[in-house]
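Welcome, and thank you for opening the viewer. Please load the structure below and keep your selection tool at hand, and we will walk through it one stop at a time.

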Amino acid sequence: MGSLEGKILVVVVFLLLAGLLFVYSASFPLSLQATGDPLSFLKRQCIGAALGLVAMVILWRLDYHVWEKIDDVLLFGAFALLLLTLVPPLAEGSRWLRLGPLPFQPSEFGKVALVLYVSGSLVRRGERIRDFRDGVVPYLVVVGAFGLILLFQPDFGMLILYAAVVAFLLWAGGVPVRHLLLAAAAVVPPGALLLFTARYRLERLIAFLNPEAYRDTYGYQVYQSLMAIGAGGLWGRGIGASRAKLLYLPAAHNDFIFAVVAEETGLIGTMCLVGLLGLLVWLGFRVASRAPDRLGALYALGSSFLLGFQALLNLGVVVGLLPVTGLTLPFVSYGGSSLMVSLALTGVLLGVARAARASAVAVLVPEVRA
């Protein structure tokens, strides 16, 4: 096993175990109240972890070039599944589909499809990406199509994540910065209009600007989160001893699970968790720097950026630095779809790292023989 692969696996195992531990700790009051079984949410999370590990191993062991041949099919499939969330008999809570015993969130799977498609498309277009019509317009169309459905759900936070990942990949792929700035100038005004025309988004923005004044209404969730973080102090109350999770803090087991981590393990525990997430992103960028070709580098860069940027958005919300977005903390928050996709993105990183190791061996062997 190559060193980068081994390091990534060790970090992911720690993140996975931490996630399962805190999902159980943060969810058991709500799980007991909702289902009568304090382990109900944990059991579902374990199913997501098992499926995610299978996906990770498949993406790790297969030659990643196979995804370039079908990335447009994967993107279309993700779009079709997302579209089905608008069909009331199939949709569950406007963001989930129930096509079997477990609900899943298609927008989560769209993240993987988007990284694979945009990376593969940039490689196929070659030098044509330096032209605005080939390097920017097609991707604006893709993000716009997904964005329309995400706005209907509504899931503005996921739309921001999609747009950021595509913009990052275009920049990393060599699209001129002036073209990206021109595209940003074109989409920011309608984005601001969307922000202020939806009541729930406006309420979140108002609460973000003045959380103390709205701590009993729009800002209740963030206020309770800050109270939990402050109560944790340096060492925390101890695992399982959070008070915020006793139905004071809404979404304590998913979007705001970091507040429970902070309350139970204090500053020391949160620094360890943030350090693990940062280490994973750094290892991902190292994989990109050693990738045997441009496609592998873009896959690794896109996967690493997506995990890191989503974590930053989630942490920014929980500590009150950003308005509420509704995004999960990768590997840690409750949510089978989110966990499966986080592990799948890790599989993409491992696949590129494996190819880089094999490529290095292929170069080294002829040198030894000589």
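Start by selecting Arg-124, which counts as partly exposed because its relative accessibility is 41%. Before you go on, please keep in mind that this is a predicted model.

**Stop 1: a salt bridge from Arg-124**

Now add Asp-71 to the selection. The side chains of Asp-71 and Arg-124 meet in a salt bridge, with N to O at 3.1 Å. This pair links distant parts of the chain: Asp-71 sits in helix 3 (residues 65–84) and Arg-124 in helix 4, 53 residues apart. Is Asp-71 buried or exposed? Asp-71 has 0% relative accessibility, so it counts as buried. General background helps here: side chains of opposite charge can pair when their charged atoms come close.

**Stop 2: inside helix 4**

Stay with helix 4, which covers residues 106–125, and select Ser-119 within it. Ser-119 counts as buried because its relative accessibility is 0%. Where does its side chain reach? Draw a distance from the side chain of Ser-119 to the backbone oxygen of Val-115, and you should find 2.7 Å. Next, show what surrounds Ser-119: setting aside neighbours within four places in sequence, Ser-119 is in contact with Leu-169, Leu-295, Leu-298 and Tyr-299.

**Stop 3: the nonpolar core**

Select Val-118 next. Leaving out neighbours within four places in sequence, Val-118 is in contact with Tyr-139, Val-166, Leu-169 and Leu-170. Which residues touch the most other members of the largest nonpolar core? They are Val-118, Leu-122 and Phe-331, in a core of 98 residues. To see where the largest share of this core comes from, colour helix 12 (residues 294–318), which supplies 14 residues. As a general point, nonpolar side chains in soluble globular proteins tend to be buried together.

**Stop 4: Phe-331**

Go from there to Phe-331, placed in the loop between helix 12 and helix 13 (336–369). With 2% relative accessibility, Phe-331 counts as buried. Check its backbone too: phi of Phe-331 is near 75 degrees, a positive value in a residue other than glycine. In general, most residues other than glycine have a negative phi, and most peptide bonds are trans.

**Stop 5: the loop before helix 11**

A positive phi near 70 degrees is also found at Leu-247, a residue other than glycine. Select Leu-247 in the loop between helix 10 and helix 11. Leu-247 is partly exposed, with a relative accessible area of 48%.

In this part of the chain, pick Lys-245 and Glu-264. Lys-245 forms a salt bridge with Glu-264, the closest N and O atoms being 3.1 Å apart. The pair links distant parts of the chain, with Lys-245 in the loop between helix 10 and helix 11, Glu-264 in helix 11, and their positions 19 residues apart. Lys-245 and Glu-264 are both buried.

Then select Arg-237 and Glu-263, whose salt bridge has its closest N and O atoms 2.8 Å apart. Arg-237 lies in the loop between helix 10 (220–232) and helix 11, and Glu-263 in helix 11, so the pair ties together parts that are 26 residues apart in sequence. Arg-237 counts as partly exposed at 33% relative accessibility, whereas Glu-263 is buried, with a relative accessible area of 2%.

How many salt bridges does the structure hold? The answer is ten.

**Stop 6: a nonpolar patch on the surface**

Switch on a surface view and select Leu-234, Trp-235, Leu-267, Ile-268 and Met-271, which make a nonpolar surface patch of about 540 Å². Ile-268 belongs to helix 11 (residues 257–289). At 35% relative accessibility, Ile-268 counts as partly exposed.

**Stop 7: a network and a cis peptide bond**

Select Arg-125, Arg-128 and Asp-134 to see a network of salt bridges. Then choose Arg-133, found in helix 5 (residues 132–135). Arg-133 is exposed, with a relative accessible area of 63%.

For the last selection, go to Pro-154, in the loop between helix 6 (137–152) and helix 7 (156–173). Look at the peptide bond from Gln-153 to Pro-154: this bond is cis, with omega near -5 degrees.

Notes. Residues are numbered from 1 along each chain as its sequence is written. This is a predicted model: local features need pLDDT of at least 70, side-chain atom pairs count only at pLDDT 80 or more; totals for chains, interfaces and linings use all residues. Side-chain values use heavy atoms; hydrogens and water are left out. A nonpolar core is a set of buried Ala, Val, Leu, Ile, Met, Phe, Trp, Tyr and Cys residues joined through side-chain atoms within 4.5 Å. Buried means under 20% relative accessible area, exposed over 50%, partly exposed in between (1.4 Å probe, protein chains only). Helices (H or I, at least four residues) and strands (E, at least two) are DSSP runs, numbered from the N terminus. Contact means heavy atoms within 4.5 Å. Patches are made of residues with over 30% relative accessible area and no salt bridge: like charges are joined within 9 Å, nonpolar side chains (Val, Leu, Ile, Met, Phe, Trp, Tyr) within 5 Å. Accessible areas come from the Shrake-Rupley method with a 1.4 Å probe; for residues, only the protein chains shown count as cover. A salt bridge is a side-chain nitrogen of Lys or Arg within 4 Å of a carboxyl oxygen of Asp or Glu. A polar contact is a pair of N or O atoms within 3.5 Å; within protein, one must be able to donate a hydrogen and the other to accept it, and residues adjacent in sequence count only if both atoms are side-chain atoms.
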